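Let's take a look at how some helices pack here, and then at what sits around the ligand.

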Amino acid sequence: MRYKNLDQLFRQSAGRLSFSACPFLEARLLIQKAAGWKEADFFRNLDSVPPPGLANKLSVLIKKRQSGWPMAYILGRKEFWSLEFRVNRQVLIPRPETELVVEEVLSLPLPEKPRIVDVGTGCGNIAIALARELPRARVVASDLSARALSLAARNAGNIRLRNVVFVRSDLLSYFIEKRQKFEVIVSNPPYISEADWEKLERPVRDFEPRTALLAGPTGLEIIQRLVSQSWFCLKAGGFLVFEFGAGQEKEIRKLFKPGWSKPRVRSDYSGLPRVMTVQKLA
Ligand SMILES: C[S@@+](CC[C@H](N)C(=O)[O-])C[C@H]1O[C@@H](n2cnc3c(N)ncnc32)[C@H](O)[C@@H]1O
């Protein structure tokens, strides 16, 4: 089909995306991706005939979207903390509620040059947001997945950060072995149970990495290990800040033995308890 102008192709594409909550936004972003354009290029070209090949390239992207691919994986990027992160199917797509974890760390009384480790860094969003906000901090971004780490390192390079390093580790095992201690341990760990995995919406279950979400039969397996390992990696007075799932707060509170402060919990924008902060007192 020949299009008299880009506007016509745009409207037809939005029609093909009508199942989505934002068909016009998605149509524009997919056109920009297919054409290699910025937003301004899109608007400048609305009255012009679409470049040769654009309609075919765009159709491939729309078909992907129609088959359930999340927009962030098609576009290869996602915004978090007003920074742009490259994402691919090796890493979880950063969620807006995880910005609360960053906010929480920034609200803590920290020394001038805190040492911070982000456990399960994925694309590096938490570590990089913190390194950017706290230029004097020394941040370690850590993950079990080598592929996630290499993407996170690329993201830090794109943002030109020099105060983040990348370390492969099974939770905090590497740091325990090396006797490294931190003022802050931060994490958005896997916390989905096997039963809840089955109930996740299809795009999450079908496209996002299982190892980034699924913790085990109860959903608490990784948090349990993280809490017990954190004791050995936190300096006295240091903080553990982590995200957790709906209905887990009561069981997680029980993990903290004497020597830890009373946990403080922040709720997300829908009122669900989401981020816990605990201080190592002794
Ligand atoms: C929920 S994702 C969080 C990603 C990113 N920090 C965010 O907030 O969007 C959990 C991350 O933990 C990593 N992970 C899973 N098991 C791990 C383990 N045993 N040790 C270290 N990282 C692990 C996964 O590879 C994944 O990147």
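Helices α1 and α2 are oblique to each other, because angles under 35 degrees count as roughly parallel, over 145 as roughly antiparallel, 65 to 115 as roughly perpendicular and the rest as oblique. Keep in mind that this is a predicted model, where local features need pLDDT of at least 70, side-chain atom pairs count only at pLDDT 80 or more, and totals for chains, interfaces and linings use all residues. Residues are numbered from 1 along each chain as its sequence is written.

Here are two packed pairs, with helices being DSSP runs (H or I, at least four residues) numbered from the N terminus. Axes are lines fitted to C-alpha atoms over the stretch in contact, and angles run from 0 to 180 degrees between N-to-C directions.

| Pair | Angle | Axis distance |
|---|---|---|
| α1 (residues 6–16) and α2 (residues 23–35) | about 120 degrees | 8 Å |
| α6 (residues 99–106) and α7 (residues 125–133) | about 35 degrees | 10 Å |

Who touches whom? In α1, F10, S13 and A14 meet P23, F24, A27, R28, L30 and I31 of α2 (contact: C-beta atoms, placed from the backbone, within 7 Å). In the other pair, V101, V102, V105 and L106 of α6 meet I126, A129, L130 and E133 of α7.

Now the ligand: 22 residues surround it, the closest being G120, G122, L144, N188 and A212 (near: C-beta atom, placed from the backbone, within 6 Å). Helices α7 and α12 (210–213) each supply at least two residues of this shell, and α12 gives the largest share, three residues.

Technical notes:
Two residues are in contact if their C-beta atoms, placed from the backbone, lie within 7 Å.
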